[in-house]
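Hi everyone, thanks for making time for this. I have one structure to walk you through, so let me put it on the screen.

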Amino acid sequence: MRIGRVLRAGAVVAATGLILAGCGGGDGGAGGDEAQVAADACPGGGGKTVTIGTKYDQPGLGLKTPDGLDGFDVAVGCYIAKDIWGEDVNVKWREAPSEERENLIKNGDVDLVTATYTIDAERDKIVDFAGPYLMAHQDLMVRKDYNEIKTEADLKDSDLKLCSVTGSTSAQNVKQDFAPQANLVEYGGYSECMTGLQSGAVDAVTTDNSILAGFASDPRYQGMFKLLGFNLSDEPYGVGLKEGDTELRNKVNEAIKHMIEDGSWQEFFDAHLGESNFQADPPKITEK
Amino acid sequence: MIEELATLFEEYRILGAFWVTVQLTVLSAIGSLIWGTVLVAMRVSPVPVMRWFGTAYINVVRNTPLTVIIVATSLGLWQTMGVTMGAERFDTIGFRLAVLGFIAYTACFVCESLRSGINTVQVGQSEAARALGLGFAQVLGHIVLPQAFRSVIGPLASVMIALTKNTTIAAAIGVGEAALLMKEMIENEADLLFLITGIFALGFVCLTLPTGLILGWISNRVAVKR
């Protein structure tokens, strides 16, 4: 009896050990995966290591899939890094969710942030911006056959069923300005809104047109949705960097100019955001 | 600092958001106490099917992350299956679905606390009750549960405090409570991150500390002296 109990205790300890070892192995694997992704998204060499923060969950802008990291923001970040630090720069990617971007920059965890990062006065107090490299506007995305809203004026008194992301600027704009009567539901991410848009529980999803265009061009939703083409607000996307680093900011601005002049900007735009009635021109650089 | 604090309170409905948190907590607490009591009755009942259902329910729901439950009420129940809980506006639908989710989840913990309370009631009590001719419902309702409740007020206080903090998950489906307002404020006032976090942390302490103290005091007063 006693021996049985000891054996059982031993088995539990051994099982725990195995599980822990399994977890450790898993972590190691994930780490290796990270390097793989970085190589795919921005092939470089053994040059200077630069860390760039971007979104991992936005189709067309920065999306991490099993095949690697892809999107307009990712392409822009890669181009800027190569323009400044040379073709053999070693770019490491890091996820930069909206609420963490300032801290990632302030703590020096990332060198640059290209993550749908709207330049605004409050953020400018704690980080510096270069660019903008894309001028987005708040817009609405609806199902292809939806015709009830045609102009921005229609929004004002409509009780449209709207979806957006919890606490985002777009959601606040809707509540306070564009459509105070609208029936708004807020979710943690845009993917959740897509479920409702598909099933008809909501009529429209609202946020920056660049993000919407990314979803509309995504293979999963292709041909199902359209953008209404409204300009409800200006969202200049800038490159975030450490406060006071004027030298780096000037270099990034130069890099953005090169990107626009040599046609790479248009190429990235067409490749990642082009497929959905979304048009934009390269913006003028304002952060000097 | 004081100035910034004043502007934050002026520009945002901080107290209003906490009021929603309080409403979520109180309604979910009442609901989960009722549903938890029903569940515990099932778990100790002489009917095998009910015992089986109670055990299965607790093991499934208790082991599902709360975020999944709350998002599932919204995406599954409402958006896919069209359950609107008798409301028109999205914010009301979201609020009611969130309460439903919190009740379903918290009831598991209420049930398990109560079950441990039932174990503190001596077997002799229910034997004596049965000898007097009381049926199962009467034994449970008149003899066992009253004593069980009195001995688990302390553990239930922990469950209620956890529930208060869990209500922040309702922000995931857009219920306008404290956590949602905090996200909005951080989005707009990136430079005041620590002040904003501080306000909300303190707000929750103001809600949970009295809960713990009051229920602790009640727990001492009503404890069964053995």
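I'll go through the domains, a small sheet, the nonpolar core and then the contact between chains. Please keep in mind throughout that this is a predicted model.

Let's start with chain A on its own. The domain assignment splits chain A into domain 1, covering 42-135 + 235-273, and domain 2, covering 137-227. Notice that domain 1 is written as two segments. If you take the C-alpha centres of domain 1 and domain 2 of chain A, they lie 26 Å apart. How many residues of each domain are in contact with the other? Domain 1 of chain A puts in 9 residues, and these are in contact with 11 residues of domain 2 of chain A. The domain 1 side of that contact has 4 nonpolar, 3 polar and 2 charged residues.

Next, the sheet. Chain A has an open sheet of 3 strands, in the order 2-3-4, and the pairing is antiparallel. At the edges sit strand 2 (57-58) and strand 4 (68-70) of chain A, each pairing on one side only. Strand 3 of chain A, residues 62-65, is joined to strand 4 of chain A by 3 bridges. If you'd like one pair to click on, try A:Thr65, whose bridge partner in strand 4 of chain A is A:Gly68.

Now for the core. The largest nonpolar core has 129 residues, and among the members that touch the most others are A:Ile80, A:Val113, B:Ala98 and B:Ala170. Which element gives this core its largest share? That is helix 5 of chain B, residues 90-120, with 17 residues. On the chain A side, domain 1 and domain 2 each supply at least three residues to this core. Let me zoom in on A:Ile80: setting aside neighbours within four places in sequence, A:Ile80 is in contact with A:Leu112, A:Val239, A:Val252, A:Ala255 and A:Ile256.

Finally, the contact between the two chains. Here 23 residues come from chain A and 21 residues from chain B. On the chain A side, helix 4 (121-124), helix 6 (169-178), strand 9 (183-187) and helix 7 (190-199) each supply at least two residues. Strand 9 of chain A provides the largest share, 5 residues. And what is the chain A side made of, by class? The count is 5 nonpolar, 11 polar and 7 charged residues.

That's my tour; I'm happy to rotate the view for anyone who wants another look.

Conventions:
Residues numbered from 1 in each chain as written. Chains lettered and ligands numbered in written order. Predicted model: local features only at pLDDT ≥ 70, side-chain atom pairs only at ≥ 80, totals over all residues. Contact = placed C-beta atoms within 7 Å. Helix = DSSP H or I, 4+ residues; strand = E, 2+ residues; numbered from the N terminus. Nonpolar A, V, L, I, M, F, W, Y, C, P; charged D, E, K, R; others polar. Pairing = 2+ DSSP bridges. Domains from an automatic or database assignment. Core = buried A, V, L, I, M, F, W, Y, C linked by C-beta atoms within 7 Å. Buried ≥ 20, exposed ≤ 12 C-beta atoms within 10 Å, placed from the backbone.
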